[in-house]
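Student: I should like a close look at a single part of this model, with the terms defined as they arise. Please take one sheet, what lies across it, and the loop that joins two of its strands.

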Amino acid sequence: MKPTIALVGRPNVGKSTLFNRLTKTRDALVADQPGLTRDRHYGHGKVGGKPYFVVDTGGFEPVVDEGIMVEMARQTLQAVDEADAVIFIVDGRVGVTPQDKLIAQHLRQVGRPVWVAVNKAEGMNQAVVTADFYELGLETPVAVSASHGEGVRELLHEVLSRFDDVEDEPAQDHPKFAVVGRPNVGKSTLVNAILGEERVIAFDQPGTTRDSIFIDFERNQAHYTIIDTAGVRRRGKINETIEKFSVIKTMQAVESANVAVLVLDAMQEVSDQDARLASFILETGRALVVAINKWEAASAEQRDRIKREIARKLAFLEFAKFHYISALSGHGVGDLFKSIDAAYAAAMIKIPTPKLTRVLQLAVERQQPPLSGKVRPKLRYAHQGGTNPPVIVVHGNALEQVPAAYWRYLEHTFIKTFKLQGTPLRVQYKLGA
Ligand code: GDP
Ligand code: GDP
């Protein structure tokens, strides 16, 4: 699994600035469930071929020993608990503050490597700016400038060197699907409805709070793995939703799966968090099935509303199948498998080069790419560059002149010809050759 790095520090030291530099994602996933005093932002990135998750924990104000600040500290530590490594950000222009010392005290006890990033160090002597911070008793302080990008890559190399290289791809011999969605949409109920009827072969106990449960089962003689992010409900817990819902767990689960089953609640609005989770799934390239749950309990108005909201906020999921189900009664649950199977098959398709090239040539015959100046781009042949998601690589000349609309036309042609429903498709090009 990809390592998760938590960014902590007092307000204004540059956590969000560093977060933005470390993540190239358009939308950070935000944990905005009720009860959190401060949003946490989750994103992902890659440096030197090594991928990672990063979480900006929000604030950390351990000086006030009552009320909201203590709650914030508690929640920050909970986020740290989910992480594999911590970057503690301090302000090189201010020097060590009493708060920094208190935070360091907490961090020395978490049993994870903690790096000290001495920020705002642009134009300053590295040895001088870091000298003060050795007294925090953590890893060697490193001078960085989050806003100028100085020292950040080096720091990240250092952090990631402690972790083994991760295998990015999930196993591809049978469908592995992750059931994901906001708290209370009905994920556990759905997992129970699915497993209630099937033969469970094996499942592993989660090691930590952020681990999903992987359960192997058979259905109609076919082998599946369900990745359960919801886990069992623990009775009598306060803040139960916070305890059992974890953005990191959700992101890891999506990446470990071939197919994501995104669960929405028909009784609730389609929230920003739903949309961000959907765009994260799209970005990873995983196949997708959407289940709108609690359908039996939704009024006619609620049904209309959620359909309108889906059309407006989740229009980019047009490649996926939508199911209206009731996990509670089991209605529509069996049908999900048709779409899971189809999405998996589409994601794993292997198309021989001659066939792809033939489809490409037919598409070009039907509609040529437009002239760019005096040059007509030439699309010669295509080969498949990957699966889950399928990647189609087009070879030819002057391909950089082909407009986006024409690539979309080709994409649609491939989707239609090869019936690629349920998976994103990536069409790329190679110059020359
Ligand atoms: P956060 O509260 O810890 O998330 O801090 P922010 O990322 O919001 O940054 C606080 C302030 O510090 C902002 O005005 C940033 O522009 C500034 N800042 C962040 N990084 C740097 C840096 O590397 N150098 C300088 N000079 N200012 C920085
Ligand atoms: P999770 O947090 O996503 O795992 O959600 P749960 O499976 O724990 O369900 C949250 C609440 O929604 C529980 O009270 C369930 O009984 C209820 N629920 C789940 N599925 C349905 C459904 O299909 N219809 C109705 N009416 N309620 C449901």
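Tutor: Helix H12 (residues 353–366) lies across strands E15 and E16, running at about 140 degrees to E15. Helices (H or I, at least four residues) and strands (E, at least two) are DSSP runs, numbered from the N terminus. The angle is taken between N-to-C directions, on a scale from 0 to 180 degrees, with axes as lines fitted to C-alpha atoms, for helices over the stretch in contact; two residues are in contact if their C-beta atoms, placed from the backbone, lie within 7 Å. This is a predicted model, in which local features need pLDDT of at least 70 and side-chain atom pairs count only at pLDDT 80 or more, while totals for chains, interfaces and linings use all residues. Residues are numbered from 1 along each chain as its sequence is written, and chains are lettered from A and ligands numbered from 1 in the order in which they are written.

The two strands beneath this heading belong to an open sheet of three strands, with the order E15-E16-E17 and mixed pairing. E15 and strand E17 (426–431) stand at the edges, each with a single partner strand, so one side of each is left without a neighbour in the sheet. From one strand to the next, the twist averages 30 degrees. Strands of a sheet pair through backbone hydrogen bonds, either parallel or antiparallel. E15 and E16 run antiparallel and are joined by seven bridges; two strands pair if DSSP finds at least two bridges between them. Within this pair, glutamine 384 stands opposite isoleucine 392 in E16.

The loop between strand E15 (378–386) and strand E16 (391–397) contains proline 389. Asparagine 388 is found in that loop too, between E15 and E16. The peptide bond from asparagine 388 to proline 389 is cis, with omega near 10 degrees. Asparagine 388 also has a positive phi, near 50 degrees, in a residue other than glycine. Is asparagine 388 buried or exposed? Asparagine 388 is buried, because 22 other C-beta atoms lie within 10 Å. The cut-offs are 20 or more other C-beta atoms within 10 Å of the residue's own for buried, 12 or fewer for exposed, and partly exposed in between, with C-beta atoms placed from the backbone.

Another loop offers a counterpart. Glutamine 221 has a phi near 65 degrees, again a positive value in a residue other than glycine, and its place is in the loop between strand E10 (213–219) and strand E11 (222–228). Glutamine 221 is exposed, with 6 other C-beta atoms within 10 Å.
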